[in-house]
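Here is my note on the model you sent. Please read it with the coordinates open.

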Amino acid sequence: MSVTTEELTELNDKIDRLATQVQFVVDEALVMRGRRQERDELISDLTPIAHQAYEYAVKQLEQVDEYASVEDFTHLMKKLVRNLKNLEEMLDTLDSFKELIDEVTPLTQAGVITLMDTLQDLERRGYFGFVRSGGKVMENIVTNFSEDDVNALGDNIVLILQAIREMTQPEIMTLVRDTASTVREEQVPDRITWREIIRLTRDPATKKGLARFLLTMRSVSGAAPKDE
């Protein structure tokens, strides 16, 4: 039986296709073997780590065994699953809050800078020094006055303020200023005669001053003035 050329060609094609399929199978087998080897190596590498992780987890669970049980963890997991939506909303809220913080941060920084500038200006103008001095004054008051003194001050604060109001009247302040100017500027002779003193008493201004002095002495005595 003779084989024609066409049959020989067709047979060679089949052999080639078969060889290609066999090579494909061989390649796939090699790939699968390589993957299996990699998996085995990975398992071999991870086994000690898994062992250590397991032992560590066992030790940690032993420490909390008296505080929690498997049922507690199960209940916690169920509760987390039931509240996944709430957790998601909470995370969204945190994201919104973070965005707000990012937007407000430049404004806050500008406000802090403005506040620092204001504080430096107040320090330069002496406000803080005044406050520190006021604190020392308060400390002296607390140290030198008892609670009874403060109560007495509270009972008489109206009279004190009335006295201060009277003392700060323009005529009183003018009198104090003129008296101080006279004491500072007028030169009194080392030797003065009675004639000069009598001559001074005839001066209307001197008479007025003596009258004021006598009226002041009468008020200092505390006695009620008699009807003139």
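The points below cover confidence, salt bridges and surface patches.

1. **Confidence.** This is a predicted model. The protein averages a pLDDT of 78. A score of at least 70 is reached by 90% of the residues. Among the elements, helix α1 (residues 5-63) has the highest mean pLDDT, at 82. Helix α8 (residues 194-201) has the lowest, at 74. Where pLDDT is low, the predicted coordinates should not be read in detail.

2. **Salt bridges, overall.** How many salt bridges does the structure hold? The count is three. They are taken one by one in the next points.

3. **Glu10 and Lys14.** These two form a salt bridge, with the closest N and O atoms 3.8 Å apart. The cut-off is 4 Å, so this pair counts. Both residues sit in helix α1, four residues apart, so about one helical turn separates them. Glu10 is partly exposed, because its relative accessibility is 44%. Lys14 is also partly exposed, at 46%.

4. **Asp121 and Arg124.** Here the closest N and O atoms of the salt bridge are 2.7 Å apart. The spacing is three residues within helix α3, so the partners are again about one helical turn apart. Is Arg124 buried or exposed? Arg124 counts as exposed, because its relative accessibility is 62%. Asp121 has 24% relative accessibility and counts as partly exposed. The limit for buried is under 20%, so Asp121 does not fall in that class.

5. **Asp121 and Arg125.** The side chain of Asp121 also meets that of Arg125 in a salt bridge, at 3.3 Å from N to O. Arg125 is exposed, with a relative accessible area of 53%. Through shared partners, salt bridges join Asp121, Arg124 and Arg125 into one network. Please inspect this network as a unit.

6. **Negative patch.** Which residues form the negative surface patch? They are Glu88, Glu89, Asp92, Asp95, Glu99 and Glu103. Glu88 lies in helix α3, which spans residues 84-124. Residues in a salt bridge are left out of patches, so none of these six is a salt-bridge partner.

7. **Nonpolar patch.** A nonpolar surface patch of about 490 Å² is also present. Its members are Leu153, Ile157, Val158, Ile160, Leu161 and Ile164. Which helix gives the most to this patch? Helix α6 (residues 157-167) does, with five residues. Val158 is placed in helix α6. Patch members must have over 30% relative accessible area, so each of the six passes that limit.

Technical notes: Residues are numbered from 1 along each chain as its sequence is written. This is a predicted model: local features need pLDDT of at least 70, side-chain atom pairs count only at pLDDT 80 or more; totals for chains, interfaces and linings use all residues. Side-chain values use heavy atoms; hydrogens and water are left out. Patches are made of residues with over 30% relative accessible area and no salt bridge: like charges are joined within 9 Å, nonpolar side chains (Val, Leu, Ile, Met, Phe, Trp, Tyr) within 5 Å. Accessible areas come from the Shrake-Rupley method with a 1.4 Å probe; for residues, only the protein chains shown count as cover. Lys and Arg count as positive and Asp and Glu as negative; His and the chain ends are not counted. The place of a charge is taken as NZ of Lys, CZ of Arg, CG of Asp or CD of Glu. Helices (H or I, at least four residues) and strands (E, at least two) are DSSP runs, numbered from the N terminus. pLDDT is the predictor's confidence in each residue, from 0 to 100. Buried means under 20% relative accessible area, exposed over 50%, partly exposed in between (1.4 Å probe, protein chains only).
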